[in-house]
Amino acid sequence: MAIITLNNNSLSSITSLPAAISTGKAIQVVTSTTGTNTQISTGADTDTSLSASITPTSSSNKVLVLVSQSVQFQRDAGSGYEIAATTKLFRDSTQLSKKVSSIGVGSGPTGTQGGRDGLAFAVLDSPSTTSSVTYKTTGSCSATANNGTIRYNEGGNTKGEITLIEVAS
């Protein structure tokens, strides 16, 4: 078996890559938070007030998108109903990911029932541009009858956060 040498060094004596190779390094980081209470009682995609923009320095670079957000469910009780929040992550108008959170609402005779859920996204995106791109979340409510409502950021008591990390390719 032949021994491979690079610049007259054996492979075992090479301890690092040349400085010109910058693959995997974080180039820039953008973070945005919102405490805005966003109430949704429709099945249509609605902005949750959480967004951030970044301008990649190279069209070959990737953007790591990290999202943490809470959603509250509420629906009048009665004969037992399920309610779900569909949360989507977009880059501009392109959907990147989707999460569905749901709960069964109790079957008590009166009153309002509800619950809370935390959700997270971690997506490595390839925007293929050096123009500004905006990442945002939208939400929709699966069951609007019986006063079905979802709320992001629970009345302003919690904060949603989105972090964008440009990664050199």
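This briefing introduces the fold, the core and some side-chain pairings of the chain above.

Welcome to a predicted model, in which local features need pLDDT of at least 70 and side-chain atom pairs count only at pLDDT 80 or more, while totals for chains, interfaces and linings use all residues. Residues are numbered from 1 along each chain as its sequence is written, and side-chain values use heavy atoms, with hydrogens and water left out. The chain holds 12 strands and 0 helices; these elements are DSSP runs numbered from the N terminus, with helices (H or I) needing at least four residues and strands (E) at least two.

**The chain as a whole**

- Starting at the N terminus, the order of elements reads β-β-β-β-β-β-β-β-β-β-β-β.
- Of the 169 residues in the chain, 37% are buried; buried means under 20% relative accessible area, exposed means over 50%, and partly exposed lies in between (1.4 Å probe, protein chains only).
- Contacts (heavy atoms within 4.5 Å) often span the sequence: among those between residues at least 6 apart, 79% join residues at least 24 apart.
- About 9000 Å² of the chain's surface is accessible, and carbon and sulfur atoms account for 47% of that area. Such areas come from the Shrake-Rupley method with a 1.4 Å probe, and for residues only the protein chains shown count as cover.

**The nonpolar core**

- The largest nonpolar core has 24 residues, and V65, Y135, I150, I162 and L164 touch the most other members. At least two residues of this core come from each of strand 5 (46-54), strand 6 (62-76), strand 7, strand 9 (112-125), strand 10, strand 11 (149-152) and strand 12 (160-167). Strand 6 gives the largest share, 5 residues.
- A core of this kind is a set of buried Ala, Val, Leu, Ile, Met, Phe, Trp, Tyr and Cys residues joined through side-chain atoms within 4.5 Å.
- I150 is a good residue to look at here: leaving out residues up to four places away in sequence, I150 touches T38, Q39, I40, V71, Q72, F73, I83, A84, A85, S140 and C141.

**Around T87**

- T87 sits in strand 7 (residues 81-91) and is buried, its relative accessible area being 0%.
- The side chains of T87 and Y152 share a polar contact of 2.6 Å. A polar contact is a pair of N or O atoms within 3.5 Å; within protein, one must be able to donate a hydrogen and the other to accept it, and residues adjacent in sequence count only if both atoms are side-chain atoms.
- Beyond residues up to four places away in sequence, the residues that T87 touches include Q69, K98, F121, T138, G139 and Y152.
- K98 belongs to strand 8 (residues 94-105), and its contacts outside four places in sequence are T86, T87, K88 and F121.
- K98 and G139 are 41 residues apart in sequence, and their C-alpha atoms are 9.7 Å apart in space.
- T138 is part of strand 10 (residues 133-141) and is buried at 4% relative accessibility.
- Setting aside neighbours within four places in sequence, T138 is in contact with several residues, among them D45, T87, K88 and Y152.

**Salt bridges**

- The chain has 4 salt bridges, each being a side-chain nitrogen of Lys or Arg within 4 Å of a carboxyl oxygen of Asp or Glu.
- One of them joins K88 and D45, with the closest N and O atoms 3.2 Å apart. This pair links distant parts of the chain, 43 residues apart, with K88 in strand 7 and D45 in the loop between strand 4 (38-40) and strand 5. K88 is buried at 17% relative accessible area, whereas D45 is partly exposed at 39%.
- Another salt bridge brings together the side chains of D125 and R91 (2.6 Å, N to O). D125 lies in strand 9 and R91 in strand 7, so the pair ties together parts 34 residues apart in sequence. D125 is buried at 5% relative accessibility, and R91 is buried at 15%.
- The side chains of R116 and E154 also meet in a salt bridge (2.2 Å, N to O). Because R116 is in strand 9 and E154 is in the loop between strand 11 and strand 12, the pair ties together parts that are 38 residues apart in sequence. R116 is exposed at 56% relative accessibility, while E154 is buried at 13%.
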